[in-house]
Amino acid sequence: MNNMRKNLNRVHEQIVQAASACKREPDSILLLAVSKKKPASDIRQAWELGQRDFGENYLQEALQKMEELKDLDISWHFIGAIQSNKTRNIAEAFDWAHCIDRAKIARRLSEQRPAELGPLNVCIQVNIDHESSKAGIELAELPELAHAIHQLPGIRLRGLMTIPAPQESFDLQRSAFAKLAEALESLRQQGIDCDTLSMGMTQDMDAAIAEGSTLVRIGTAIFGERV
Ligand SMILES: *Cc1c(COP(=O)(O)O)cnc(C)c1O
């Protein structure tokens, strides 16, 4: 077996284990393969093994790979920071954007989304550990932004995304994810219909699944270390 097959199998197995440990259905967790800084040939190889959702952080790099892979049916997720001058390309080329943290960006994506593609799926990024270095809004700002996005026709609010501060301990990892899960529940109670918790990376995927993650974003465990 080559590495890609082994790695993907191992990640699928880990999802099954983590899900069964908390009595969840493994099928309720989408595996997003984060392919930033990896060549299009790696994506093609993962696609041939059945992987369909890929995440990219850098727009120019992503557009180039999309061009090389346009014969494949791929669901593309933008998981990087979004500046105003990138919204048109993102609205036209991607299926998901995970890092929305400003109403202005959301409005531009909605206006620029081609109608024939249907609404762009989006998540609001929450800065769950209040890190000054990180993008995302504070939880206190969430209801206002969520309600604003909910009104926009060209994008569909699917849920919340976070990148917690790195923690060694499983319990500390869980407690950050638990806060995001609670925030999603509270949005639902306010009548905002959303279903996605985009949380969990190579180092903290088990804790994220234990707290209800529906979408794990995995790079290193699938494609190897990035240089
Ligand atoms: C790079 C990246 C990932 C994947 O990280 P790994 O630790 O390699 O699994 C997930 N989410 C975001 C937002 C990223 O930038």
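In which helix is Asn 3 found? Asn 3 belongs to helix H1, which covers residues 3-21; helices here are DSSP runs of H or I with at least four residues, strands are E runs of at least two, and both are numbered from the N terminus. The model is a predicted one, so local features need pLDDT of at least 70 and side-chain atom pairs count only at pLDDT 80 or more, while totals for chains, interfaces and linings use all residues. Residues are numbered from 1 along each chain as its sequence is written, and side-chain values use heavy atoms, with hydrogens and water left out.

Asn 3 is exposed, at a relative accessible area of 54% (exposed is over 50%, buried under 20% and partly exposed in between, with a 1.4 Å probe and protein chains only). Its C-alpha atom is separated by 9.0 Å from that of Gly 224, although the two are 221 residues apart along the chain.

Turning to the ligand, 13 residues surround it, and the closest are Lys 36, Asn 57, Thr 202, Thr 220 and Arg 226; to count, a residue needs a heavy atom within 4 Å of the molecule. Sorted by class, this shell holds six nonpolar, four polar and three charged residues (Ala, Val, Leu, Ile, Met, Phe, Trp, Tyr, Cys and Pro are nonpolar, Asp, Glu, Lys and Arg charged, and the others, Gly among them, polar). Lys 36 has a polar side-chain atom 2.7 Å from an oxygen atom of the ligand, and Asn 57 likewise places one 2.7 Å from a ligand oxygen. For Arg 217, the partner is a nitrogen atom of the ligand, at 2.9 Å. The protein covers 91% of the 390 Å² of accessible area that the ligand has on its own (Shrake-Rupley method, 1.4 Å probe).

Away from the ligand description, Lys 65 in helix H3 (residues 59-68) is buried, with a relative accessible area of 5%. Its side chain makes a polar contact of 2.9 Å with the side chain of Glu 56 (a pair of N or O atoms within 3.5 Å; within protein, one must be able to donate a hydrogen and the other to accept it, and sequence neighbours count only if both atoms are side-chain atoms).

Two loop residues round off the picture. Lys 23 has a positive phi of about 55° despite not being a glycine; Lys 23 sits between H1 and strand S1 (30-34) and is exposed at 78%. His 130 also shows a positive phi of about 55° without being a glycine. His 130 lies between strand S5 (120-125) and helix H6 (142-150), and is exposed at 56%.
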